[in-house]
Amino acid sequence: MMRSDTKGGARTAGSVPRSADANRLIFVRFLADLLDQRFTIPGTSIRVGLDPILGLIPGIGDALANIAGSAILVIAVQLNVPKIVLIRMGLNVASNALIGAIPVFGDIFSIWFRSNAKNADLLERYAGSETRRAGLEDWLFVAGIISAVVLIGFGIIVAVVWLIGWLGVDWARSF
């Protein structure tokens with residue numbers, strides 16, 4: 001078993017994570033690889049994992065893949081990564097779940113987006129850092145997603161109001 005030279009077993013910059021943490025990171029990388037890029041489509045250089053393959057199973061496939069991918073997020077919580085990074089990782093999982101639910105297109109999106117590999121990269125970047133501070137790119141990513149959701153929500157409200165007005169005009173003409 002490895003011991004840290006610092007008081008309380010805290011990590012220092014450049015130190016090797018405790019054995020349990022290192023095992024978690026190895027498991028995360030294995031899971032991300034299995035879900036996103038374990039297999040090569042014959043005759044191409046395109047790598048796929050179980051995520052898009054499971055997505056082909058109607059109803060339950062996407063749920064199974066996203067539950068497995070959420071394990072990476074749970075491990076990130078256990079390793080105390082910054083909350084903003086957890087939000088970013090959660091948005092990756094949510095994007096994969098929402099878009100992945102669209103038949104065929106969602107599976108193609110999963111092959112391209114590779115949310116689990118992105119989350120494993122984020123976890124590896126922040127799990128070993130001493131300061132555990134999120135970078136500007138993490139804040140901008142989350143701010144961009146929140147802005148997009150607000151704009152989409154506003155657009156939906158405007159479209160519904162317009163549609164109600166449009167339908168109201170047509171109903172008045174038809175009577």
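Let me start with how helix 1 and helix 6 lie against each other in this predicted model, where their axes come within 8 Å and cross at roughly 160°. An angle over 145 degrees counts as roughly antiparallel, and helix 1 and helix 6 are therefore roughly antiparallel to each other. If you look at how one passes the other, the crossing of helix 1 with helix 6 is left-handed.

Which residues meet in this pair? From helix 1 we have Leu25, Val28, Arg29, Ala32, Leu35 and Asp36, and from helix 6 we have Ser115, Asn116, Ala117, Ala120, Asp121, Leu123, Glu124 and Ala127. Sorted by class, this contact of helix 1 with helix 6 has eight nonpolar, two polar and four charged residues.

Now please turn to a second partner of helix 6. Helix 3, which covers residues 61-78, packs with helix 6, residues 115-127, at an angle of about 15°, and their axes are 9 Å apart. That angle makes helix 3 roughly parallel to helix 6. Here, too, we can name the handedness, since helix 3 passes helix 6 in a left-handed crossing. On the helix 3 side the contact is made by Gly69, Ile72, Ile75 and Ala76, while helix 6 brings in Asn116, Asn119, Ala120 and Leu123. By class, the contact of helix 3 with helix 6 has five nonpolar and three polar residues, and no charged residues.

Let me stay with two residues of helix 6, beginning with Asn116, which lies in that helix. Is Asn116 buried or exposed? Its relative accessibility is 2%, and because buried means under 20%, Asn116 counts as buried. If we leave aside its neighbours within four places in sequence, Asn116 is in contact with Ala32, Leu35, Asp36, Asp51, Gly69 and Ile72.

The other residue is Leu123, and, again leaving aside the neighbours within four places in sequence, Leu123 is in contact with Leu25, Val28, Ile72, Ile75, Ala76, Leu79, Val81 and Met89. Leu123 also leads us to the largest nonpolar core, which has 20 residues, and in which Ile72, Val81, Val85, Met89 and Leu123 are the residues with the most contacts inside it. Helix 1 (19-36), helix 3, helix 4 (83-100) and helix 6 each supply at least two residues of this core.

With that picture in mind, we can step back to the chain. There are seven helices and two strands in it, and, read along the sequence, the pattern is α-β-β-α-α-α-α-α-α. Of the 175 residues in the chain, 29% are buried. If you take the contacts with a separation of 6 or more, 60% of them are accounted for by residues 24 or more positions apart.

Finally, I would like to point out two places in the backbone. Most residues other than glycine have a negative phi. Val104, however, has a positive phi of about 65° although it is not a glycine, and you will find Val104 in the loop between helix 4 and helix 5 (105-113). At 57% relative accessibility, Val104 counts as exposed. The second place is Arg114, where phi is near 50°, again a positive value in a residue other than glycine, and Arg114 lies in the loop between helix 5 and helix 6.

Definitions and conventions: Residues numbered from 1 in each chain as written. Predicted model: local features only at pLDDT ≥ 70, side-chain atom pairs only at ≥ 80, totals over all residues. Heavy atoms only, no water. Axes fitted to C-alpha atoms, helices over the stretch in contact; angles between N-to-C directions. Helix = DSSP H or I, 4+ residues; strand = E, 2+ residues; numbered from the N terminus. Parallel < 35°, antiparallel > 145°, perpendicular 65-115°, else oblique. Left-handed = near helix turned anticlockwise from the far one by under 90°. Contact = heavy atoms within 4.5 Å. Nonpolar A, V, L, I, M, F, W, Y, C, P; charged D, E, K, R; others polar. Core = buried A, V, L, I, M, F, W, Y, C linked by side-chain atoms within 4.5 Å. Buried < 20%, exposed > 50% of the residue type's maximum accessible area, 1.4 Å probe, protein only.
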